[in-house]
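Biologist: I'd love a close look at one part of this model, the long helix in the middle of the numbering and whatever packs around it. Could you take me through it in one go, starting wherever you like?

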Amino acid sequence: MPVNINMRGFMTFKKRPVFFLMLLLTGGISCAAQQVLSLPEAVAIGVKSYGAVRAKESYAKASREAVSLARTSYLPNFNIAAQQDYGTVNGQYGPLYGFNGLSAGSAGPALPSQRWTASFGSLYLANINWDFFAFGRSKEKIASAKAAALRDRNDWQQEIFQQKVRVAAAYLNLLAAQRLTESYRKNLIRADTFRHVVVTRALNGLIAGVDSSQANAEVSNARIALLKALDVEQEQRALLVQLMGTELRSFLLDTLFISHIPSIPGDTAQLQDHPLLRWYGSRIAASKVQSRYYKTLRYPVLSLVGVIQTRGSGFGEGYGQDLSDYTHHYWDAISPSRTNYLFGVGLTWNLTQPFRVSRQIRYQDFIGEGLQDEYEQARQELETRLRLADEKIRNAMDKYREVPVEVKAASDAFIQKSVLYKNGLTTLVDVTQALYVLTRAETDRDIAYSNVWQALLLKAAAMGDFNIFIQAL
């Protein structure tokens, strides 16, 4: 019976052990040169560099400045002004209203005809206007600004918490992907080594040559599986880099998470202290304070006003009878000659304002109801996630306990099938099946540790306390 042997694969195989050895050594040197990136370091970098966190920090700072701005709104308006003018002073009897301050304020006698005599004039004044009582409007405005500042600060804090969870999850996912890649790399080495055995036996006429083709197919399948694992690892690395806000590069991760499992703490944190719920609660509080501020807009405003002004003019007091009683001397014209002052108390009340404000209050109340509904939904979701996290922890621990049994049984089965095949007592299909089982057991072992840590991270995220996860390191 003719023997079908892939001599090209056989010839090239002799170089592969050297190639794999060089690959492993090169990888070891590269890893040794890299600095280990611990999970706390990755989290710290992600919190410091991530754009969303930095943006919300800026928003929180802006809200704090808005509180200072609200406090200054209670201060009185104090204006000073000085002007020197040159123009005519023709007066005219008749009504006049200066819309938007666009008309001139010239004052003089009503003459029978237009005259173009002109001189200098001046005005100096100081004005103070203070809304000293508005039924708590300034107080509520300041309280509203403080509530908004607290809301934005809680938003910043919950973004920091979410970012910590995201970076930690990406870190664990990348570590699991790297371990899976390593498992598939070992699987490729085993498949290639076993192909060498098959080819050798085929050359010696001990087995059918078709087994070498099947062995080559298994090697190709193992190589494809390795490439897929590398794709997943690269995607997880890119995600971690994105969350850290750094340049794309390789990471040597901490093997702590694949060497032991964490101790699972009890439920110590209160769910209402969750950063997300604190943020929702501060949104509700800000809405209520804003509604109280709107209510103060319905009431009148009591104001104090004070004005002192002095004027100078180039026209004399007898200009109405003697039209030559004026001067072109600048300094004489702008020197103050008449002074007036005024003090007063005023009440301003827009009687139609309460009708508009009532709609604005209802608008804000409906927003508050919506925010309350969002708070309840978020609370229910966190309670569900907390129960789910507890279940995942139990399941992950059960898998962790079963993995050693699975790996040992799969390893013993592969060794047994390999020995039987070398002695002609079983088929290559049985060996291939045993290889599949061993690879699956090793991948289960690699992710068993990570699953426990992932479940603990899920619990920390649901409880709103990242220290639950960090303290288990």
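Modeller: Happy to! Let me start with Gln236, which counts as buried because its relative accessibility is 18%, under the 20% cut-off. Please keep in mind that this is a predicted model. Gln236 sits in helix α6, which covers residues 210–244. Setting aside residues up to four places away in sequence, Gln236 touches Asn173, Leu174 and Ala177. Those three numbers fall within α5, residues 137–203, and α5 is the helix I would like to follow from here.

A little context for the whole chain may help. It has 11 helices and 6 strands, and 37% of its 473 residues are buried. Of the contacts between residues at least 6 apart in sequence, 86% join residues at least 24 apart. Gln236 and its partners give one small view of how the chain meets itself, and Gly46 gives another.

Gly46 belongs to helix α3, residues 39–49. With a relative accessibility of 0%, Gly46 counts as buried. Its C-alpha atom is separated by 7.4 Å from that of Lys164, although the two residues are 118 apart along the chain. Neighbours within four places in sequence aside, Gly46 is in contact with Gln163, Val167, Leu243 and Met244. By their numbers, Gln163 and Val167 belong to α5, while Leu243 and Met244 belong to α6. Gly46 therefore offers a second place where α5 and α6 come into the story, and at 0% accessibility it is buried there.

Now for the helices that pack along α5. Take helix α4, residues 51–72: it packs against α5 at an angle of about 165°, with the axes 8 Å apart. An angle over 145° counts as antiparallel in rough terms, so α4 is roughly antiparallel to α5. Their crossing is left-handed.

Helix α7, residues 275–296, gives a similar description: the axes of α5 and α7 come within 8 Å and cross at roughly 165°. That again makes the two helices roughly antiparallel, and the crossing of α5 and α7 is left-handed. While you have α7 on screen, have a look at Arg283, which lies over the face of Trp279 at 4.8 Å from the ring centre.

Helix α9, residues 353–422, is another partner. The axes of α5 and α9 come within 11 Å and cross at roughly 15°. Here the angle is under 35°, so α5 runs roughly parallel to α9. The crossing is left-handed. If you want to see which side chains to display, α5 brings Arg190, Phe194, Val197, Val198 and Arg201 to this meeting. From α9 come Phe414, Ser418, Tyr421 and Lys422.

Just before α5 there is a backbone detail worth a glance. Phe135 lies in the loop between β3 and α5. Its phi is near 60°, a positive value in a residue other than glycine. Phe135 is partly exposed, with a relative accessible area of 40%.

Follow the chain back from that loop and you reach strand β3, residues 119–133, which holds Phe120. Phe120 forms an edge-to-face aromatic pair with Tyr330, 5.1 Å centre to centre and with 85° between the planes. It is called edge-to-face because the angle is over 60°. Tyr330 is in helix α8, residues 330–334, so this pair links distant parts of the chain, 210 residues apart. Both rings belong to partly exposed residues: the relative accessible area is 22% for Phe120 and 31% for Tyr330.

Before β3, in the loop that follows β2 (77–87), you will find Pro109. At 26% relative accessibility, Pro109 counts as partly exposed. Pro109 and Gln321 are 212 residues apart in sequence, yet their C-alpha atoms are 9.2 Å apart in space.

To finish, let me return to α5 by way of its aromatic residues. The model has 18 aromatic pairs in total. Ring pairs link Tyr171, Phe257, Trp453, Phe466 and Phe469 into a cluster. Tyr171, by its number, is a residue of α5, so showing this cluster alongside α4, α7 and α9 should round off your view of the helix.

Key: Residues are numbered from 1 along each chain as its sequence is written. This is a predicted model: local features need pLDDT of at least 70, side-chain atom pairs count only at pLDDT 80 or more; totals for chains, interfaces and linings use all residues. Side-chain values use heavy atoms; hydrogens and water are left out. Rings of Phe, Tyr and Trp (its six-membered ring) pair if their centres lie within 6.5 Å; planes under 30 degrees apart count as stacked, over 60 as edge-to-face and the rest as tilted. Helices (H or I, at least four residues) and strands (E, at least two) are DSSP runs, numbered from the N terminus. Buried means under 20% relative accessible area, exposed over 50%, partly exposed in between (1.4 Å probe, protein chains only). A charge sits over a ring if NZ of Lys or CZ of Arg is within 6 Å of the ring centre and within 35 degrees of the ring normal. Axes are lines fitted to C-alpha atoms, for helices over the stretch in contact, and angles run from 0 to 180 degrees between N-to-C directions. Angles under 35 degrees count as roughly parallel, over 145 as roughly antiparallel, 65 to 115 as roughly perpendicular and the rest as oblique. A crossing is left-handed if the near helix is turned anticlockwise from the far one by less than a right angle, and right-handed if clockwise. Contact means heavy atoms within 4.5 Å.
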